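Student: Could you walk me through this structure, one feature at a time? I would like to practise reading it with you.

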Amino acid sequence: MNHEQRTPPIRLLYRVQDAADALSLSRSVVFELLRSGRLRSVHEGRTRLIPHEALVEYIASLEDAA
């Protein structure tokens with residue numbers, strides 16, 4: 001039996017609620033970030049998805065502003 005801890009794979013795309021959870025923000029704040037252009041997103045059909053890299057870039061912008 002292997003008891004190694006496995007890390008889950010990084011998700012490439014997040015739904016708005018999942019991105020909000022990952023950033024510890026509310027959905028409405030994430031939608032405001034999307035509207036203001038501070039957070040990038042893509043569409044697949046009618047679904048708005050936020051790329052993992054967009055989350056990383058947003059966090060980096062917060063660190064740069066600090």
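**Reading the fold together**

Tutor: Gladly! Let's begin with helix 2, where Ser28 and Arg35 are exposed on one side. The opposite story is told by Val30, Leu33 and Leu34, which are buried. Seen down the axis of helix 2, these buried residues fall within an arc of 100 degrees, so they line one face.

Student: Which elements do the buried residues of helix 2 pack against?

Tutor: They pack against helix 1 (16-23), strand 3 (47-51) and helix 3 (52-65). Helix 2 itself covers residues 27-36, and just after it glycine 37 takes a positive phi of about 85 degrees.

Student: Before we go on, how should I read the confidence of the model?

Tutor: Keep in mind that this is a predicted model. Where pLDDT is low, the predicted coordinates should not be read in detail. Here the mean pLDDT of the protein is 92, and 94% of its residues reach 70 or more. Among the elements, helix 2 has the highest mean pLDDT, 98, and helix 3 the lowest, 95.

Student: Then helix 3 is my next stop. What span should its 14 residues have, and how far apart are its end C-alpha atoms?

Tutor: At 1.5 Å a residue, helix 3 should span 20 Å, and its end C-alpha atoms are 20 Å apart, which agrees.

Student: Which residues of helix 3 are buried?

Tutor: Ala54, Leu55 and Tyr58 are buried in helix 3. They cover an arc of only 105 degrees around the axis, which puts them on the same side of the helix. Turned away from that buried side is a face carrying the exposed residues Glu63 and Asp64. As for partners, the buried residues of helix 3 pack against strand 1, helix 1, helix 2 and strand 3.

Student: How do I read the nonpolar core?

Tutor: In soluble globular proteins, nonpolar side chains tend to be buried together. The largest nonpolar core here has 13 residues, and those with the most contacts inside it are Val30, Leu34, Leu39, Ile50 and Leu55. Helix 1, helix 2 and helix 3 each supply at least two residues of this core, and the largest share, four residues, comes from helix 1.

Student: What does leucine 39 touch?

Tutor: Leaving aside residues up to four places away in sequence, leucine 39 touches Val30, Leu33, Leu34, Ile50, Ala54, Leu55 and Tyr58.

Student: And the strands: in which sense, parallel or antiparallel, do strand 1 and strand 3 pair?

Tutor: Strand 1 (residues 13-15) and strand 3 pair in the antiparallel sense over three bridges, with tyrosine 14 standing opposite isoleucine 50. Strand 2 (residues 42-44) also pairs with strand 3 in the antiparallel sense, over three bridges. In that pairing, histidine 43 stands opposite arginine 48.

Student: How many residues lie between the strands in the hairpin of strand 2 and strand 3?

Tutor: Two residues lie between them, and glycine 45 in this hairpin takes a positive phi near 65 degrees.

Student: How should I read a positive phi in a residue that is not glycine?

Tutor: Most residues other than glycine have a negative phi. Serine 24 has a positive phi of about 60 degrees although it is not a glycine. You will find serine 24 in the loop between helix 1 and helix 2.

Student: Is serine 24 buried or exposed?

Tutor: Serine 24 is exposed, because its relative accessible area is 65% and the cut-off for exposed is over 50%.

Technical notes
Residues numbered from 1 in each chain as written. Predicted model: local features only at pLDDT ≥ 70, side-chain atom pairs only at ≥ 80, totals over all residues. Heavy atoms only, no water. Buried < 20%, exposed > 50% of the residue type's maximum accessible area, 1.4 Å probe, protein only. Arc of directions from axis to C-beta. Contact = heavy atoms within 4.5 Å. Pairing = 2+ DSSP bridges. pLDDT = per-residue confidence, 0-100. Core = buried A, V, L, I, M, F, W, Y, C linked by side-chain atoms within 4.5 Å. Expected span 1.5 Å × (residues − 1).
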